[in-house]
Amino acid sequence: MKEQVLSGGHSNTVVRVGETVHRLPGPWTPAVHELLSTLHRAGVHEVPEPLGFDDQGREVLSFMTGDVGNYPLPDWLWEPQILQDAGELLRRVHDASVPLVGQDLTWSSPSREPIEVICHNDVAPYNMTLVDGHAASLFDFDTASPGPRIWDLAYLAYRLAPLAEDAKVEKTTDWRLAVLTRIVVDVGEASGVELELSSSSTDSHGGLSCPTVMPGWRLPAG
Ligand SMILES: Nc1ncnc2c1ncn2[C@@H]1O[C@H](COP(=O)(O)OP(=O)(O)O)[C@@H](O)[C@H]1O
Ligand SMILES: [Mg+2]
C-alpha cells in the first residue's frame with residue numbers, strides 16, 4: 001500500500017499507510033505502547049492504538065482522523081470548546097495512566113517529581129487532531145514519562161491559554177487559564193477522583209519553556 005509522508009512533526013519521520021501510521025521506534029517504544037494499550041483498556045480511545053511493528057521495524061499505530069493543530073493555527077482553535085475538550089482529555093489520560101506509575105519501563109524523558117501519573121510532556125494542538133470544532137485526539141507520546149499532573153497542564157496552558165509568544169492571538173489568558181484548570185479539576189470530581197494540584201510542584205518547571213508562564217499562574221481556589 002502507498003506511503004504518504006505526514007509533515008508537521010518535529011523529530012520523527014512519520015508515514016501514513018491506509019488507516020495506520022508508521023514511525024521510527026526507540027528504546028522507549030515498548031513503554032509508549034504499554035501506555036497506549038493501558039489508556040485504551042481504560043476507555044480512552046482518543047489516542048492511537050499500538051498495532052505492533054512493520055517489516056522495516058517501524059512502530060505501527062492507528063491513524064487518528066481530523067486536522068492536526070499545526071501552524072498556521074486555525075482561528076477556531078481558540079474557541080472555549082477546544083479548551084474544554086483538551087482539558088477533559090488530558091485529565092482522562094492522566095487518570096488512566098496511574099497503573100503504570102512505579103512500573104519498570106524505559107521512557108525517553110527523565111521522570112519528574114512528584115510522580116503522580118505518566119505525563120505526555122508535549123500536550124499541544126500540534127499533537128492533537130481537531131474534528132468539527134472539537135479536540136478529538138492526542139498523539140505523539142514519544143516524550144512521555146512519569147511526573148506531576150501540573151507539568152502537562154502547564155504546558156497545555158502555555159500552548160492553549162495561550163501564553164506562547166508564537167500564538168499570535170489576543171491574550172485573554174487569565175480567564176482561559178482559570179477555565180482550563182477548572183475543567184481539569186472538575187472532570188476528576190465528577191469521576192470521584194480527587195485532584196491535588198500542589199502549587200509547590202510548579203517549582204519543578206524551571207528550565208523549560210513553559211516555566212516562564214508559571215510565576216503569574218495562580219490555581220483557582222477550591
Ligand atoms: N496517530 C496519528 N494519527 C494521525 N496523524 C498522525 C499520527 N501520528 C502522527 N501523525 C502525523 O504525523 C505528524 C508527525 O507526527 P508526530 O508523532 O507528532 O512526530 P514528531 O515526533 O516528529 O512530532 C503529525 O503532525 C501528524 O500530522
Ligand atoms: Mg509531534
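**Sheet, hairpin and helix pair**

F53 sits across from E59 of strand β5. That is a handy place to start in this predicted model, since the pairing of β4 with β5 belongs to a wider sheet described below. Strand β5 covers residues 59-62, while β4 covers residues 50-53. The two run antiparallel and are joined by two bridges.

Stepping back from that pair, the sheet is an open one built from five strands. Reading across it, the order is β1-β2-β3-β5-β4, with antiparallel pairing. β1, made up of residues 4-6, sits at one edge, and β4 sits at the other. Being edge strands, β1 and β4 each have a pairing partner on one side only. From one strand to the next, the twist averages 30°.

Further along the chain, β8 (residues 128-131) has pairing partners of its own, namely β6 and β9. With β6, a strand of residues 67-68, the pairing is antiparallel and rests on two bridges. Here D67 is found opposite L130 of β8. With β9, which spans residues 134-138, the pairing is again antiparallel, this time over four bridges. One of the matches between these strands puts T129 with S137 of β9 as its bridge partner. β8 and β9 together make a hairpin, with two residues left between the strands. One residue of the turn, D132, has a positive phi of about 50°.

The two faces of β8 are not alike: M128 and L130 lie on the covered face, whereas T129 and V131 lie on the uncovered one. Thus L130, the residue opposite D67, points to the covered side, and T129, the bridge partner of S137, points to the uncovered side.

On the helical side of things, α2 (residues 80-97) meets α3 (residues 149-160), with their axes coming within 11 Å and crossing at roughly 160°. Angles over 145 degrees count as roughly antiparallel, and α2 and α3 are therefore roughly antiparallel to each other. Their crossing is right-handed. From α2, the contact draws on I82, L83, A86, L90 and H94; α3 contributes R149, D152, L153, L156 and L160. By residue class, this contact breaks down into seven nonpolar, one polar and two charged residues.

Note on methods: Residues are numbered from 1 along each chain as its sequence is written. Chains are lettered from A and ligands numbered from 1 in the order in which they are written. This is a predicted model: local features need pLDDT of at least 70, side-chain atom pairs count only at pLDDT 80 or more; totals for chains, interfaces and linings use all residues. Two strands pair if DSSP finds at least two bridges between them. Axes are lines fitted to C-alpha atoms, for helices over the stretch in contact, and angles run from 0 to 180 degrees between N-to-C directions. Angles under 35 degrees count as roughly parallel, over 145 as roughly antiparallel, 65 to 115 as roughly perpendicular and the rest as oblique. A crossing is left-handed if the near helix is turned anticlockwise from the far one by less than a right angle, and right-handed if clockwise. Two residues are in contact if their C-beta atoms, placed from the backbone, lie within 7 Å. Ala, Val, Leu, Ile, Met, Phe, Trp, Tyr, Cys and Pro count as nonpolar, Asp, Glu, Lys and Arg as charged, and the others, Gly among them, as polar. A residue is buried if 20 or more other C-beta atoms lie within 10 Å of its own, exposed if 12 or fewer, and partly exposed in between; C-beta atoms are placed from the backbone.
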